[in-house]
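Visitor: Please show me the structure. I have a few questions to put to it.

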Amino acid sequence: MIPLNGTLEDNLARTDTVVPVDGVESAVALDFYTQDDIIFWTDIEAKTISRAHLNGSSQTMGVRNVLELPGGVAVDWYTDKLYWTDAGTKRIEVSKLDGSMRSLLIWQGLDKPRDIVVDPQDGYMFWSDWGKHAKIERAGMDGSERMTLIDSNLMWPNGLAIDYERRVLYWLDASLNNIEMAAMDGTNRKILIKGNLTHPFGLTLWNDLVFWSDWDTKSIHVANKHNGGNRRVVINGLKGLMDVRVFQRKQTKRETACNTNNGGCSHLCLLRPKGVSCACPTGILLKSDKLTCRRRPLQSLLIADRENIRQISLDMPYMVDVVLPMPYHQIVVALDADSVTGDIYLADNAEHVIRRCSADGTNNHAIISAAINTVEGIAVDTTGRKLYWTDLKRKSVEVSELDGRNRRVLFTDLHKPRGIVTHYPSGKLFWADWGLPGIEVSDMDGNGRKIFISSDIAWPNGLTVDWSKRELFWADAKTNAIEAIGVDGRNRRTVIRDAPHPYGVTLLGSFVYWTDWETKSVNRTRKNGTSYNTTIRAGLPAVMDIKALPGPPVVKNECGNDNGKCSHLCLRNPEGISCACPTGLTVKDNHRCVDGPSNYLIFAGLRTIGRISLDTEPLWDVPLGVPHIHHPAIVDYYQKEDILFFTDLKFDSIRAVSMKNLTHPWTVLSEGLNTPDGLSVDWIAGNLYWNDAGRKVIEVAKVDGSCRKIIVSTDLVEPRAIAVFPEEGFLFWTDWGNKSKIERSYLDGTGRKILIDQEIGWPNGLTIDYDTKRIYWNDALKDTIKSSDLDGQNEVLLVPKVVHPFGLTLLGDYIYWTDWDQMTIERANKSSGSNRQVIRTDIEGVMEVKAVSGKGQTGWNVCADRNGGCTHLCLYHPEGVRCACPDRPDARRCSDRPVIKVTPTGSPQHAMFSTTMASAKKGPRGDPPGLIPLLVALVVVAILAVASMVAVVVWWKYKEKTKMVEGPNGGALTYTNPTYSASNSDVNTDRKPFTWRRLHHDANHQGRMFDEKGEVAALISEGSSVEHESPPPTPPTRTDTVT
């Protein structure tokens, strides 16, 4: 910028100032909105129109789509509108100053439109066109009353300028090297400067001066605007010089009809000669009242263009695509629309999500955001209100409600599925598969599947159905054809031959429309194949799917108003309807589904916590829909309260969610946590155990997060997995330390014992078979899964050659594990390792897995009865109840011994407990006894009654002798067995964050490094060893007082 205060001579000595804006590639034209000190500019390389404050702040990109060669730009400061020309699209457009409500004004008779200026006072706009027939034209600012002003003695008209006081139009010609002027109607034409210019480009006026920029001399010149005299150079040496404009604050602004209630217009109010008119966004019709725009086009095409969703209105005299104002997408391949609501459904294969969006960009919702990978086809069943889609990577076809609820997988054994379409009247579902290759068909409820087309077909892509003719159309990219066949499989015919690479295909009226990868275009022809092909939009390098609106008509919904009496999905079939359940659930009768599976796996993966039902085939992963999660890592389940606990790599916290209400997770523990890597629920005592690898401790708390206590704080290096055996009173954990190992202790942290420290590398997962009393673990260094008894003896190599096992669990006859590298969940027989099977694939970032059974989490110990008589923590020990106080005292008085006498003989579960403990001495737990004779039962009841009376007396005497004792720090442990002792240590919580560091792939003899809080492969050079981090200094220890 060059200041022009005072006289010109006063300013020529001053230096120019740069407006500090970013990302400018090749700015061509500029203009100002002086009221707010805003500058606008077009960028011919970036294909954008941007704006910023004169000080460089608040820079935004106002217009960035469907621009090819944006040239001139002009601001209407009366009504706050922005006008521009585009020599690439051969259009003149207008929008609000922020780029919204963009409307096409001139689209015919333009060749190479260049500069544009507006005259709000009279409602005209002027533009130059240096195409084959060069000219300067004028029209109303709403595009009306167009006329040519100058078309003779004109070669390359570039810059335009208006003298608003004298009502004179100026222009310059870069070929004739002239600057000329004329009246605003083109009369009284005069040459101001003739032939003595090099390559003039931009033009502007100030006071009695005319300024212009020159490409060749890289300079700005000035002369008298009346006679061209006193010509001189203002500044030179400006590389890449293009336009020039004068910023004047004295722009006058008059009131117009547009300034009152927007002129009564619903969208754009535009000036015109002697008045105003209402205009609509491009492609939208104005209603008969001439004030209100329709909500959307009556007929249009939707086009997936990878990063954009484009719409071509078929209502207008032009066929111009607009980019719908939707959130940014990366790889949009498939789309469809609901002709009832106008909502658009699209799949973004970079984000792995299916979204539902309004055409105006509002109400953008991710309806499917987990257990999804590469969606190639989407079909909206407008009548039945269902959504169908194909997934190339998961090799599946699925269905759900339009909001994503009640998701059900129909087929899981496809090859390379692509396009998909429904035909509600016949109850049929069609999809293309490159892997066959061919087209398959089934009922819309998934029954009656069969191959529909298998001959003379190679690369079937898009599918569509002509409801009126009951014909299926498809595009074949290998045979270069679009074909059709009756939905009954008869009368196959070729509609289009020699299409270079057809992809998407759709129908509307008498026409078939398709996209072509090779020609990068949208095309059409008559669906009877009797007309020539016509290209209606070219130059779309990433064009993909295409759908016509309105889509198929809405017919009678066979499910009626009561959802066909179905509790979940009501799906169409040729005979009528059928009720179906979401994946993993079974039907109780013909209409209702069970609330949840009886046996299932819960797993943690990137952005999801999922479930795999073991009750039904196929074994398929279903996201639970827990919100606000990033990368959950560890999970465990508390059956009594139906609560799922989990950790998240992004947050150092332990969270929980009710399985009855998955939409409202809560934080159980967060304070002082560093890297909670292991998690295990003691379902009998209602306690939660976890290890913190960053702080190198093992802690316990009640399942609500209260009564938190450190139970192991020494000789831990990198603890990973943790598991509890509440009925036996054992706690097990793995440690990745300098000397990897598996340890065991009692539930209070005492009685530590190393079980496994030989032939062990990176023990990840750990689980327990409570029936056979064996532990199982996987090893990510040795690539194995092993087992042993509870003492670490009788070790067995169960499964060799697993790539990178992480989570591990057990249910019934199988062990299940996750593979972090392969992104799979696998299983094998728990006794022999045989019958190994991959049950799910492509689960990104899969971590922990836990088995849940309706018959699980059984057993009993004294902590189940009134918390074992403890005031805070009851930590079961085979030798007696261990009451513990939290490390941080709460408001309640804490006793380190039971305040209520609880013994097995006093429990109503004593019979079960005694039987279980007795059988535990011998091995697996026995079954409960059979029927007891009535007489024996009566005797037992009598004995129990007497015992209860005795217990009351004993308890009363015991209570008189019991004292409420608090440890010095609220953390003392006192046991009913006075000979038992333990110690605790203070913990330094300021240690540096823990990093998972080692990953192994034996085939390459290379180690892999763990990135912090995530297993990210970083190869170490061949032959080098993986060094362990030196552990921080051991904190000072203290001996807890033991009574």
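The questions run from the whole chain to a sheet and a surface patch.

Guide: This is a predicted model, in which local features need pLDDT of at least 70, side-chain atom pairs count only at pLDDT 80 or more, and totals for chains, interfaces and linings use all residues. Residues are numbered from 1 along each chain as its sequence is written, and side-chain values use heavy atoms, with hydrogens and water left out.

Visitor: How many strands does the protein chain have?

Guide: Helices (H or I, at least four residues) and strands (E, at least two) are DSSP runs, numbered from the N terminus. The protein chain has 3 helices. Its strands number 79.

Visitor: Which strands stand at the edges of the open sheet with the order 56-57-58-59?

Guide: This sheet has 4 strands with antiparallel pairing. Two strands pair if DSSP finds at least two bridges between them. One side of each edge strand is left without a neighbour in the sheet, because each has a single partner strand. The edges are strand 56 (676–682) and strand 59 (709–712).

Visitor: Which residue stands opposite Pro676?

Guide: Strand 56 and strand 57 (residues 687–692) pair in the antiparallel sense over 6 bridges. In strand 57, the residue opposite Pro676 is Asp692.

Visitor: Is Leu176 buried, partly exposed or exposed?

Guide: Leu176 lies in the loop between strand 14 (168–173) and strand 15 (178–183). Buried means under 20% relative accessible area, exposed over 50%, partly exposed in between (1.4 Å probe, protein chains only). Leu176 has 33% relative accessibility, so this residue counts as partly exposed.
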